[in-house]
Structures are given as structure tokens and as C-alpha cells.
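I opened the model today to look up how its helices and strands are arranged. My entries follow in the order in which I checked things.

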Amino acid sequence: MNKIKLFVLSVFAIFSLTGCIKYSLSGAAIQPDWNTIYVATFPNYAPQQNPTLSQDLTIAIQDIFRSRTKLKLNSNENSDLIIEGEITGYEVVPEAIQSNDIAAQNRLTIYVKVRYINNKDESKSYDRTFSAFRPYDGNEMLSSVESSIVPLIIEDIRNQVFASIAMDW
């Protein structure tokens, strides 16, 4: 039995030392030869505007890659990985309509189209739309809850983008 354990540990050690087994504490699937990432500003093309949404989303995506990977932010499109896109939707829809045709709850949804270009492995590149939403009380005006729910929506979208790229989901 001890010989089998020794054999298994030896094989694992050999694979680990030669780099055949990829391990990451963050769960990221970033390859060792990927060094730089460029995150372009996400312009806001949504019909309904939020003046800071473009900047807030762009910074959130930059920050998650900076803090959870070894990638260095680059300021040009010659990077190993490129993330660009635009905010395409910012809409409020009523939910939970009551008997008097008044919404007990509304839902703010933000849509973001993302173009991901992987210059190291083009098979990983994609164009995809991500969205996230938060409900809020129907008696509240969007302007009164916007500052508290928009950061949560941005966080959800940021996490979706990160998972789709760094964790290959």
C-alpha cells in the first residue's frame, strides 16, 4: 500500500513540477503566457442615461482583473487580452402588478455587450451580452434608489465578465 501512495505522490510531483497541472487559488484559468490586458472604456448607448455608468463599469472590470489575476493593465490594443464593448440597455420594467394596475415592485436591468479578444488563443474570443438587474419598491422613484442598486448591478456584470474570461465559463 505504501508503494502505491509513493507512486501516486511521485506522479503528482512530476506533473506539478513540469507545469502539466494548473492550479490557482482564485480559480482563474489565466494561462502563464498571458501577461497583459486592455479594458477599453464602455460607452453608454442606452436610451436612458446614467452619467457615471460608463466610467463605473469600466473601472470595475479593470479592478477585478487587476486584483484577481497576474495580468497587467495595458493602455493599448496590442495586449494579450482585450475587453471592449458598450452599455446597450438601462431599463425599468414593472413587476408584481397589484390589482389596481400599480407595480408593487420595479426592476432596473442593465445590458452590456462585451467583445472579448484573446490574441493568444482566438478560440476563446467572443461577442456576448451580459445583463443583471435589481428590484426596487414600486413606490420609490428610480432616482432615489439608483445610487444604491446600480453598484450592485455593476458588480454582478463585472463578475459575469470575469467568470466568462478568467474561469472560462
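**Helices on the sheet**

I started with helix 2, residues 53-68, in this predicted model. I found that helix 2 lies across strand 1 (36-39), strand 2, strand 3 and strand 4. I read its direction against strand 3 as about 120°. Helix 3, residues 142-166, also packs on the sheet, and I noted that helix 3 touches strand 3, strand 4 and strand 5. The direction of helix 3 makes about 150° with that of strand 5.

**Helix 2 against helix 3**

I then looked up how the two helices meet. Helix 2 and helix 3 pack with their axes 9 Å apart, at an angle of about 45°. Angles from 35 to 65 degrees fall outside the parallel and perpendicular classes, so I logged helix 2 as oblique to helix 3. I recorded the crossing of helix 2 and helix 3 as right-handed. On the helix 2 side, I listed Leu53, Asp56, Leu57, Ala60, Ile61, Ile64, Phe65 and Arg68 as making the contact. On the helix 3 side, the contact is made by Val150, Ile154, Ile157, Arg158, Asn159, Phe162, Ile165 and Ala166.

**The sheet**

Next I asked in what order the strands of the sheet stand. The sheet is open, has five strands, and reads 2-1-3-4-5 with mixed pairing. I noted strand 2 (72-73) and strand 5 (126-137) at the edges; each has a single partner strand, so one side of each is left without a neighbour in the sheet.

I went through the pairs in turn. Strand 1 and strand 3 run parallel and are joined by three bridges. I located one partner pair there: isoleucine 37 has leucine 81 in strand 3 as its bridge partner. Leucine 81 also stands opposite asparagine 118 in strand 4.

Strand 3 (residues 81-97) and strand 4 (residues 103-118) run antiparallel, and I logged 15 bridges between them. I looked up two further positions along this pair. Glycine 85 stands opposite valine 114 in strand 4, and proline 94 has asparagine 106 of strand 4 as its bridge partner.

How many bridges pair strand 4 with strand 5? I logged 12, in the antiparallel sense. Leucine 108 has arginine 134 as its bridge partner in strand 5.

**Rings and charges**

Last, I searched the whole structure for aromatic pairs and got three. I noted one aromatic cluster formed by Tyr116, Tyr126 and Phe130. I then checked for charges over rings. Arginine 128 lies over the face of tyrosine 126, at 4.0 Å from the ring centre. The charged end of arginine 107 sits over the ring of phenylalanine 133, and I entered 4.7 Å from the centre of that ring.

Methods
Residues are numbered from 1 along each chain as its sequence is written. This is a predicted model: local features need pLDDT of at least 70, side-chain atom pairs count only at pLDDT 80 or more; totals for chains, interfaces and linings use all residues. Side-chain values use heavy atoms; hydrogens and water are left out. Two strands pair if DSSP finds at least two bridges between them. Helices (H or I, at least four residues) and strands (E, at least two) are DSSP runs, numbered from the N terminus. Contact means heavy atoms within 4.5 Å. Axes are lines fitted to C-alpha atoms, for helices over the stretch in contact, and angles run from 0 to 180 degrees between N-to-C directions. Rings of Phe, Tyr and Trp (its six-membered ring) pair if their centres lie within 6.5 Å; planes under 30 degrees apart count as stacked, over 60 as edge-to-face and the rest as tilted. A charge sits over a ring if NZ of Lys or CZ of Arg is within 6 Å of the ring centre and within 35 degrees of the ring normal. Angles under 35 degrees count as roughly parallel, over 145 as roughly antiparallel, 65 to 115 as roughly perpendicular and the rest as oblique. A crossing is left-handed if the near helix is turned anticlockwise from the far one by less than a right angle, and right-handed if clockwise.
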